[in-house]
Amino acid sequence: MVENAVEVSLTSASSQPTHADVVILGGGAIGVSIAWNLARKGVQNIVVLERGEFGSGSSAKPLGGVRANFSDPANITLGQRSLEIFRNFKKDFGIDIGLRKVGYLFLARTEEEASGLSFATSVQNELGINSRNITAEQALELNPYLDPEVLVAGAFSPDDGYAQPARVVEGYVKAAQALGVTFLNHTEALEAELGPNGVESIRTNRGTIRTESAICATGAWSQGVGEMFGVDLPVEPVRRLIAFTPQREKPHPTVPFTLDLSTTFYYHNCNNGLLLGISHKQEPGFCREFSYDWTNELNAAAGIIAPSLQNTEIVGGWAGLYENTPDHNAIIGRSEEVSNLFYATGFSGHGFLQSPAVGELVADMYLGQESFMDPTPFSVNRFSEADLTATRELHII
């Protein structure tokens, strides 16, 4: 079994400070990356609030995928920047994050899907991503569990893979602590006091912190947090579940992180077993209880894509939350209504893999500095200007 929760040994401050230059709400991969990036750029008096344990929200339960093979150029840029940081994480932070560069394999079962993969690959290649379009037979060579008869084409990016989110959170927290950042677990933001210049203070279950600015990085819980500041952050929580097959004495062959666009069936190696999943039908909500009521959908999809994995034994799994936005892209920016409020949320399943780059982008935005990319495409303002049902990103599950 892989890690499904963050186990970080932290010395949280025994008392809450009364003042901060910046308060970050949310202690997941996004929040702690922002904290470290701010601190390394010279910002002082940073406080991170987490109502549970650090990394215990959505960051505790992702698939761990790290990739740059998106269709939207902005997502590609975030993924590309993050991959570079993940590859050097052990050297820079002294923590092995279990990075496995097995590649990502997207599968198409219709000509329309194949055309979308071909378009995305061309965009990726233009931006310097090592990815290529492949045939059904070539997909079988990469992954022997597949049925090539049902495939039209595929796209493979060999530099992608997966890592352990808990270790990434640990690395950022410890590095940020060394730079003086205060981390407060079991500390929930309850109310924000606003004045003529925006956020003036935040009341928590420990007391009140007066602050010069605030950053919302609360993932699936961001809509409610946004309301506390009087801003609309359209983030909807949706439960996703994954399952594990038994550990075998003889390991499964190493396969890419494989995802089928039609059925949304996906899987990759997990020690000597496999991790399996599907974007099963779920009602929005905050339920994070694991159940087996979705496995009929899982097995039906497996029977199409990888018949030998249909009805395979499952020995548990876990449930986590996607933080979906109307177009399934993140919202990153500075509030127009509350000038000293920043936000980085709504990553729709991409938060962990984009967290290193997002931390850098938000820190530069906070400091008013030019960054490695223009954050404008991720502004929440886009929802007042576009069809909310549109989905720009094609490479999503």
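Q: What makes the contact between the side chains of Arg 51 and Glu 188 a salt bridge?
A: In this predicted model, the N to O distance is 3.7 Å. The cut-off is 4 Å between a side-chain nitrogen of Lys or Arg and a carboxyl oxygen of Asp or Glu. The pair therefore qualifies as a salt bridge.

Q: Why can this pair be said to tie together parts that are 137 residues apart in sequence?
A: Arg 51 sits in the loop between β3 (46–49) and β4 (65–66). Glu 188 sits in the loop between β9 (182–184) and β10. The bridge thus ties together parts that are 137 residues apart in sequence.

Q: Are Arg 51 and Glu 188 buried, partly exposed or exposed, and how do you know?
A: Arg 51 has 44% relative accessibility. For Glu 188 the relative accessible area is 34%. Buried means under 20% and exposed means over 50%, with partly exposed in between. Arg 51 is therefore partly exposed, and so is Glu 188.

Q: How many salt bridges does this rule give?
A: The count comes to 10.

Q: What makes Glu 170 and Arg 167 a salt bridge, and where do they lie?
A: Their side chains meet at 2.7 Å, N to O. The limit is 4 Å, so the pair counts. Both residues lie in helix α6 (residues 165–178). They are 3 residues apart, about one turn of the helix.

Q: How do you know that Lys 174 forms a salt bridge with Glu 170?
A: The closest N and O atoms are 2.8 Å apart. That is within 4 Å, so the definition is met. In helix α6 the two residues are 4 apart, so about one helical turn separates them.

Q: What joins Arg 167, Glu 170 and Lys 174 into one network?
A: Salt bridges that share partners do. Glu 170 bridges to Arg 167. Glu 170 also bridges to Lys 174.

Q: Which of the terms buried and partly exposed fits each member of this network?
A: Glu 170 has a relative accessible area of 9%. That is under 20%, so Glu 170 is buried. Arg 167 has 25% and is partly exposed. Lys 174 has 37% and is partly exposed.

Q: Why is Ser 348 called buried?
A: Its relative accessible area is 4%. Buried means under 20%, so the term applies. Ser 348 lies in the loop between β20 (341–345) and α9 (351–367).

Q: Which residues does Ser 348 touch, not counting residues up to four places away in sequence?
A: Ser 348 touches Tyr 322, Glu 323, Asn 324, Thr 325, His 328 and Asn 329.

Q: What makes Gly 230 exposed?
A: Its relative accessibility is 57%. Exposed means over 50%, so the label holds. Gly 230 lies in the loop between α7 (222–228) and β14 (236–244). The C-alpha atoms of Gly 230 and Val 338 are separated by 8.0 Å. Along the chain these two residues are 108 apart.

Q: What makes β1 (19–20) and β10 (189–195) edge strands?
A: Each pairs on one side only. Their open sheet has 4 strands in the order β1-β12-β11-β10, with mixed pairing.

Q: How do you know that β10 and β11 (residues 198–204) pair?
A: They share 6 bridges, in the antiparallel sense. Pairing needs at least two bridges, so the condition is met. Glu 191 has Arg 203 in β11 as its bridge partner.

Q: What makes strand β16 (residues 266–270) mostly covered?
A: In this strand, 5 of its 5 residues are buried.

Q: How do you know that β16 pairs with β15 (residues 257–260) and with β17 (residues 273–277)?
A: The threshold is at least two bridges. With β15 there are 2, in the antiparallel sense. Thr 258 stands opposite Tyr 267 in β16. With β17 there are 5, also antiparallel. Here the bridge partner of Tyr 266 is Gly 277.

Q: Which residues take a positive phi in the two hairpins of β16?
A: In the hairpin of β15 and β16, with 5 residues between the strands, Thr 264 has a phi near 65 degrees. In the hairpin of β16 and β17, with 2 residues between the strands, Asn 271 has a phi near 55 degrees.

Q: Which residues of the largest nonpolar core touch the most other members?
A: Of its 54 residues, they are Ile 24, Ile 34, Leu 38, Phe 183 and Ile 332. Elements that give two or more residues to this core include α1 (29–40), α6 and α9. A second, separate core has 26 residues, among them Ala 136 and Leu 151.

Terms used:
Residues are numbered from 1 along each chain as its sequence is written. This is a predicted model: local features need pLDDT of at least 70, side-chain atom pairs count only at pLDDT 80 or more; totals for chains, interfaces and linings use all residues. Side-chain values use heavy atoms; hydrogens and water are left out. Buried means under 20% relative accessible area, exposed over 50%, partly exposed in between (1.4 Å probe, protein chains only). Contact means heavy atoms within 4.5 Å. A nonpolar core is a set of buried Ala, Val, Leu, Ile, Met, Phe, Trp, Tyr and Cys residues joined through side-chain atoms within 4.5 Å.
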